[in-house]
Amino acid sequence: GASQLSKMRFVYKVATLNYKNPNAIAPVKYGTNVMAQPQYQAYIEDMMDSGFVEETNALAIYKGIDYKAKLNKWGYKELTIPEIEIKADDLFNKMEIVGYYAYAKCKDGRMVTCLMSNKELDDWAMRYSISQKAFKSGKATSSIWNDNREEMCLKTCIKAVARQVLKYHPYDRLAQ
């Protein structure tokens with residue numbers, strides 16, 4: 001139901017951004033238009049392409065797993081992600097997600113992190129979502145936060161990290 005012109009604009013935008021990851025930009029329908037919306041993979045790729053970041057990622061934090069916080073040599077808090085052994089039974093039991101974590105290890109030793117609980121992310125969604133009223137009422141049938149909650153949570157955390165990293169070492173295709 002989107003207009004042909006908006007579809008062409010979407011394709012042009014994706015082509016000009018030139019991300020290597022095909023999941024970096026997603027089509028999102030707003031009314032009769034299709035918009036190019038960056039996903040968390042876009043922010044990861046921008047940070048890596050800046051040349052200032054050696055490692056970055058965003059991930060879900062699960063209940064029952066022992067994560068440990070430590071300070072690195074520069075005094076920045078770092079979350080240690082334990083290596084866990086997955087048993088066959090675990091594949092059929094969905095673990096409860098209690099929050100999301102994103103980090104970037106910079107080449108100068110700085111560590112930029114973002115850790116948000118589900119409550120903080122719900123508050124964020126209510127505050128900044130385009131369809132705030134629909135999201136608050138829980139009746140949003142087309143709210144991106146309801147349709148793709150995990151993707152939006154990962155994006156919120158990695159975007160906060162990317163803002164800090166790219167503030168000092170600009171490389172942002174998304175600002176073009």
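This is a tour of selected parts of a predicted model, going from one helix to an aromatic pair, the salt bridges and one strand residue.

Residues are numbered from 1 along each chain as its sequence is written, and side-chain values use heavy atoms, with hydrogens and water left out. Because the model is predicted, local features need pLDDT of at least 70 and side-chain atom pairs count only at pLDDT 80 or more, while totals for chains, interfaces and linings use all residues.

**Stop 1: helix α1**

Select residues 4-17, which form helix α1. Helices (H or I, at least four residues) and strands (E, at least two) are DSSP runs, numbered from the N terminus. The end C-alpha atoms of α1 are 20 Å apart, which agrees with the 20 Å expected for 14 residues at 1.5 Å a residue. The expected span is 1.5 Å times one less than the number of residues in the helix.

Now colour by relative accessible area: buried means under 20%, exposed over 50%, and partly exposed in between (1.4 Å probe, protein chains only). In α1 the buried residues are S6, F10 and L17. They cover an arc of only 45 degrees around the axis, which puts them on the same side of α1; the arc is that of the directions from the helix axis to the C-beta atoms. On the other side of α1, the exposed residues are Q4, L5, M8, V11, Y12 and A15.

Add β1 (25-30) and β2 (33-38) to the selection: the buried residues of α1 pack against both. Then step to N18, just after α1, where phi is positive at about 55 degrees.

**Stop 2: the aromatic pair**

The structure holds 1 aromatic pair. Select Y101 and Y103: their ring centres are 5.8 Å apart and their planes are at 25 degrees, so the pair is stacked. Rings of Phe, Tyr and Trp (its six-membered ring) pair if their centres lie within 6.5 Å; planes under 30 degrees apart count as stacked, over 60 as edge-to-face and the rest as tilted. Y101 is buried at 3% relative accessibility, and Y103 is buried at 10%.

**Stop 3: salt bridges**

How many salt bridges does a search of the whole structure find? The search finds 6, a salt bridge being a side-chain nitrogen of Lys or Arg within 4 Å of a carboxyl oxygen of Asp or Glu.

Select E45 and K20, whose closest N and O atoms are 3.9 Å apart in a salt bridge. E45 lies in helix α2 (residues 40-49) and K20 in the loop between α1 and β1, so the pair ties together parts that are 25 residues apart in sequence. E45 is buried at 9%, whereas K20 is exposed at 64%. Add D49 to show a network of salt bridges linking K20, E45 and D49.

Next, select D122 and R149, which meet in a salt bridge at 2.9 Å, N to O. D122 is in helix α3 (residues 118-128) and R149 in helix α6 (residues 149-168), so this pair ties together parts 27 residues apart in sequence. D122 is partly exposed at 28%, as R149 is at 26%.

For another salt bridge, select R110 and D108, with closest N and O atoms 3.6 Å apart. R110 is buried at 16%; D108 is partly exposed at 32%.

**Stop 4: Q37**

Finish in strand β2 with Q37, which is buried at 13% relative accessibility. Show its contacts (heavy atoms within 4.5 Å). Not counting residues up to four places away in sequence, Q37 touches A24, I25, A26, V28, Y30, I144, M152 and K155.
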